[in-house]
Amino acid sequence: MFTSVDDVSARLAETGYLASPAVATTVFLADRLGKPLLVEGPAGVGKTELAKAVAEVAGARLVRLQCYEGVDESRALYEWNHAKQLLRISAGRDETWDEARTDIFSEEFLLPRPLLTAIRGDEPKVLLIDETDKADVEVEGLLLEVLSDFQVTVPELGTITATRRPFVVLTSNASRELSEALRRRCLFLHIGFPDEELERRIVRLKVPGLDAALAESVVRVVGALRALDLRKVPSVAETVDWARTLIALGADTLGETVVRDSLGVLLKHQEDILKAAAKLDLDAL
Amino acid sequence: MTAPSEITTRLTGFAAALRSHGIRIGTGETVDAARAVAALGFADRERLREGLAATLLHGTGQRQVFDPVFDLYFPQRVGAPAAEREGEPQDRDDLRDRLAAALAANDPALLGRLAVEAVDGFGGYGSSPGSDGWSSYQTLDRLRPQTLLARVRDGVRAGSGGGAFADRLLDDEIRRRIEAFRAMVAAEARRRVAERRGREEIARRAVAPTADRVDFLFAGKAQLAELRRTVQPLARKLATRLAARRRRAARGSIDLRRTLRGSLSTGGVPMRPVLRRRRPVRPELVLLCDVSGSVSGFSDFTMLLVQALHDQFSKVRVFAFVNRIDEVTRLLVHGAADPEGLGARIRAEATLTGWHGSSDYGLALGEFAERYDEAVGPRTTVFVLGDARTNMSDPNLPALRHIGERARRVYWLNPEQRSQWGTGDSAAPEYAELVEMHECRNARQLGELVTRLLPV
């Protein structure tokens, strides 16, 4: 899919995803070694965006499995289309039992869910398993077979193996510790907050109307807030939101009033806002 | 580093060094790492670093061990920089000038080069080739980068014109840059020492352990702060495990009477087994924490952990003692945002010391049995946290025995190494005969113990 690490960064940049060297290197390796990529990091640093960008670059279909508590086999792998099976049985009244039985467990009655979809078919695909940590431990068991051998076993049909391996991205906010077995099958990538320079570029790319000096001030303030001990530090998504807010407010430089009025875009807890205000020498809110 | 066999040796040595720091790396990962090296090549060191990290590591916390070890095994350069070979004497003021300029410009590559130069010029000690070495401490002591703050600030202000809102953050930013420079100097000194003494030994000794393996008793201030930050994730992990265990335990056994009565509708064939329903009883927890100076880091951490787990129990009561005991449950209000000040708050607001300031387990246990007897009942699990060093006073075994008889279980977590129990003034063996005592030296052990010992 990619020829070199530089190729990865250049092509991702074309889609509007600015990758740090770590991200570009790891994506290149995941493609080259044919291994799934486990991406961890705080919310809002672009884990999901990465999968979308890779899909766009590769011209691949994005298959997404959104995990949540209680996601199970029938949501992740496949389901039998019971209604259609019943119709099939009642439609063929005069056939023998053997004919009917073998028929209703064929591919025609299979409803593929994301994992099976990603494995079947020949077109290029990116499989995004989003927020893996939200799923129950049992789901990890399902994932193991898919991730190590790119195959799915349907008892009535046998094993379905991928003819073309999908590019797999798993994301996690680390709200639950993923099992060692799952981690072992993946390349590991931690996306943290970008360095100042990269964040400036991201903000300017996403908010075209922002001039360079304001972008720099924005990034510096956000950087200082991240160094504080906050309940929820602002992420890149929030930096971008803030920059948009500033544009909407018509501010061309950062000033005390405008920062005070828009701090709520960056910080989501009242105690964080108070702490930040003290740090930034704002008058009491 | 071009012959394939040498790369292999280097790579396996690297993996072994990481393993010795508790990072679990299997053969599969090493093979992947080799494939990554083949795909990336050696041209770009940072790419190599990221590639190896992606293949060898499995979690975020391991990175802080990985990076220094990587620097040792895949050094940026070997030996001293070429410029120094010219024999030019190092000028401290000149270097400080250039450092100030680099800090003002915030140029990491240049700072890296200056760090090398600094160690080279000021870090060497000893005179004979056999006994000399390189010291980051000495380098930083002579260079004093922290005193450059004002100069760097002026430099930046002069460059930007000043007056911008974000400039009120400048001091902090410069401090962070200086801190990063100090880390670069440390890495460079470590690399040079490693070259001389063999990198296996340095990799083993000079790299700080991951936070969950830091010994409670020897943790520094920064490490304790780091440890406190691990409380929330650890608590969440433990809560998930406890909930899973509770779910399993709640399934219980078959209720024969109700199964048979249910089978009447199916002609006496028990189609649907009925499980005996348990009354959901949330266990109660009592914590007795020694908060005297020597073990306070351990107690603080454990208290925070229990506080974070608080909704898993119907009732948690925490008592702190040095030689008098007092209840501090109210100080551990759920959601209090200031874990740092916890120890100070406890010491300020609770009566913990009587006539002297050193810990006395006998007195404290006796007072607990006397004043807070009602806190312990048949549903209570008691945790005693402390090193059992009772400063030669009476250990008061009957008091602990009394608590043990009233409680459901009593566990003692001791932050000292097992081999130290019973030495000097430690009454650990005596106490261990009455209650179950466990060695609990770091966050990893604590996590394991808590999952194993906490009541369902």
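**Entry 1: where the chains meet**

I began with one pair across the two chains: the side chains of A:Asp6 and B:Arg47 form a salt bridge, with N and O 2.5 Å apart. For my own reference, a salt bridge is a side-chain nitrogen of Lys or Arg within 4 Å of a carboxyl oxygen of Asp or Glu. I then looked up the count between chain A and chain B, which is 5 salt bridges.

A note on what I am looking at: this is a predicted model, where local features need pLDDT of at least 70 and side-chain atom pairs count only at pLDDT 80 or more, while totals for chains, interfaces and linings use all residues. Residues are numbered from 1 along each chain as its sequence is written, chains are lettered from A in the order in which they are written, and side-chain values use heavy atoms, with hydrogens and water left out.

Next I looked up polar contacts, and found 9 residue pairs between chain A and chain B, both residues at pLDDT 80 or more. A polar contact is a pair of N or O atoms within 3.5 Å; within protein, one must be able to donate a hydrogen and the other to accept it, and residues adjacent in sequence count only if both atoms are side-chain atoms.

Which element gives the most to the side of chain A that touches chain B? I found α2(A), with 7 residues. Helices (H or I, at least four residues) and strands (E, at least two) are DSSP runs, numbered from the N terminus. By class, I noted 15 nonpolar, 7 polar and 14 charged residues on that side of chain A. Here Ala, Val, Leu, Ile, Met, Phe, Trp, Tyr, Cys and Pro count as nonpolar, Asp, Glu, Lys and Arg as charged, and the others, Gly among them, as polar.

In all, 36 residues of chain A are in contact with 32 residues of chain B, contact meaning heavy atoms within 4.5 Å. The two chains bury about 3,100 Å² between them, 56% of it on carbon and sulfur atoms. Buried area is the accessible area (1.4 Å probe) that two parts lose on being put together, summed over both.

**Entry 2: aromatic rings**

I looked up ring pairs and the count is 16 over all chains. Rings of Phe, Tyr and Trp (its six-membered ring) pair if their centres lie within 6.5 Å; planes under 30 degrees apart count as stacked, over 60 as edge-to-face and the rest as tilted.

In chain A, I picked A:Trp80 and A:Phe105, which are edge-to-face because their planes are at 85°, with centres 5.0 Å apart. A:Trp80 sits in strand β3 and A:Phe105 in the loop between α6 and β4 of chain A, 25 residues apart. Are they buried or exposed? A:Trp80 is buried at 11% relative accessible area, while A:Phe105 is partly exposed at 29%. Buried means under 20%, exposed over 50%, and partly exposed in between (1.4 Å probe, protein chains only).

In chain B, I picked B:Phe14 and B:Phe70, edge-to-face with planes at 70° and centres 6.2 Å apart. B:Phe14 is in helix α1 and B:Phe70 in helix α4 of chain B, so the pair ties together parts 56 residues apart in sequence. I found B:Phe14 buried at 0%, and B:Phe70 is buried at 0% too. Ring pairs link B:Phe14, B:Phe66, B:Phe70, B:Tyr73 and B:Phe74 into a cluster.

**Entry 3: a buried arginine**

Last, I looked up B:Arg191, found in helix α9 of chain B. B:Arg191 is buried, with a relative accessible area of 5%. What does its side chain make a polar contact with? I found the side chain of B:Glu188, at 2.9 Å.
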